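Here is a short briefing to read alongside the model. Have the sequence and the 3D view open as you go.

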Amino acid sequence: MALVVLCFAQLMITLDTTIVNVALPAIQDDLHFSDANLTWIVNAFLVTFGGFMLLAGRLGDLLGRRRVFIVGLVIFTVASALCGFAPDQGVLVGARLLQGVGAALQGAAILAIIATEFPKPDERARAMSAYVFVAVAGAALGLLVGGVLTEGISWRWIFLVNLPIGVATIIVGRMLIPADIGIGLDQGLDWIGSVLVTLAVMVGVFAVVGAADHGWGSAWVLGSGALALILAAAFLATEARVANPVMPMRILRLRGLMGASAVRALIATGLFAIFFLGTLYVENVLGYSAVQTGLAFLPWFLSLGVLSLGVTARLVSRFGPTPIMVAGMLTSIVGMLLFSTAGVGTDYFPTIGLANFAVGTGVGLAMMPLLTIAMGDVPPSDRGLASGLITVAHQVGGALGLAVLSTLATTHTRSLISEGHPALSAQVDGYHLAFLLAAGGLAIGIVVAVLALGRAGSATPAASQGDVVSDSR
């Protein structure tokens, strides 16, 4: 039952990453956003969500994960109400910033709570499967729910729907999620490091999301990127000399965690490309409505739903996490290659339907063993930070990858148009390039997984069993 609560909390975060995109035109008409300002409805959430994730994870270790989780839920729910009732642009963007903070606090604690409360390998595998289903399939659900709410009622309900879910999750979460005691603030909190890492990630995300409007070579992007690197360097220097760092350097020596974070960033790039560029393709090229677009991604639910029932967990138990993860990424590559063949008049079946099914199946096979490896060698005292780290890799890595792919796709499209190609076919060719590059990124992820995670993956069950002793102590 506690896992159900955690999954509902994750569902709110996941829905929020895609549900808003469907409603952007309606929000623009109602609140009179310009095209340039409209992107900040999405970007404001990403900046604070990514920026506060590492700090939120460490606060969970220090103060108790359930406490941080509940506080995050409260902030997210209140911010959702502010978004739903926003009278103007400023209130909506400000509320989205606050919503990102709440999402970071609750999101950073979820994986850590799962890793702690499900110490046995088979139990943890099933719990991770449920988490992956909600975390990934929820994004496809967001497209469908966003279309239904926006077309059927009002765009405001894409935010207001979080209120009953959030209140119920807060109440039931306090009842069902076991209370835990953090390692404490006896040596004080590393406030300097906390501020530096939060600013570094926020400025870095700020640079990435600004690239779409200003260009990668602009003063905006280069200046923000340079500032993010300076802040990151100052953060690492601070962590090396303080007594109680917000990010102990030992976390960087965990091979499974660091390798899994790199692989997850590459997988996230492919996922973001399919969801965002794939959505643009079916809406702008094939002419799908918002509801039809949501229905087009339903194969994700079918494949992920079946795998989350224990199929992936049993496969991992029999063959080990790394082989199943590699098989999953190969399957997703097949789906992305199918997407790269879809043209101006392509029917939904078989190409697009099978492509969605393959990508969903691949993610369902890859994500659970990946997360199991990531959290398998993390000491209990650092699980909140580790949860935040791998979530940052997903969100920030995916956002960076999508920004790069979108830029390359747009540049390729403009080049073809300047050569005299029809605008619609040039746009499709741009999407094709992005999908091919996303598939290439997954291929690199396979290499990283084999080289960096092969030995870590084989050690995961033993590490997980050892956690029982550590937690009981």
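Which residue follows α13, and what sign does its phi have? The residue after α13 is G320, and its phi is positive, near 95°. Please keep in mind that this is a predicted model, where local features need pLDDT of at least 70, side-chain atom pairs count only at pLDDT 80 or more, and totals for chains, interfaces and linings use all residues. Residues are numbered from 1 along each chain as its sequence is written, and side-chain values use heavy atoms, leaving out hydrogens and water.

**Helix α13**
- Helix α13 covers residues 298–319 (helices are DSSP runs of H or I, at least four residues, numbered from the N terminus) and bends by about 70° at S308.
- That bend is the angle between axes fitted to the seven residues ending there and the seven starting there.
- Buried residues of α13 (under 20% relative accessible area, 1.4 Å probe, protein chains only) include W300, F301 and S308.
- Among the elements covering them (contact: heavy atoms within 4.5 Å) are α6, α11 and α15.

**Salt bridges**
- There are six salt bridges, each a side-chain nitrogen of Lys or Arg within 4 Å of a carboxyl oxygen of Asp or Glu.
- D16 pairs with R96, with the closest N and O atoms 2.4 Å apart.
- Because D16 lies in α1 and R96 in α5, this pair ties together parts 80 residues apart in sequence.
- D16 is buried at 3% relative accessible area, and R96 is buried at 1%.
- R58 and D61 also form a salt bridge, at 3.1 Å from N to O; they sit three residues apart in helix α3.
- Through shared partners, salt bridges join R58, D61, R65, R250 and D382 into one network.

Conventions: Helices (H or I, at least four residues) and strands (E, at least two) are DSSP runs, numbered from the N terminus. Buried means under 20% relative accessible area, exposed over 50%, partly exposed in between (1.4 Å probe, protein chains only).
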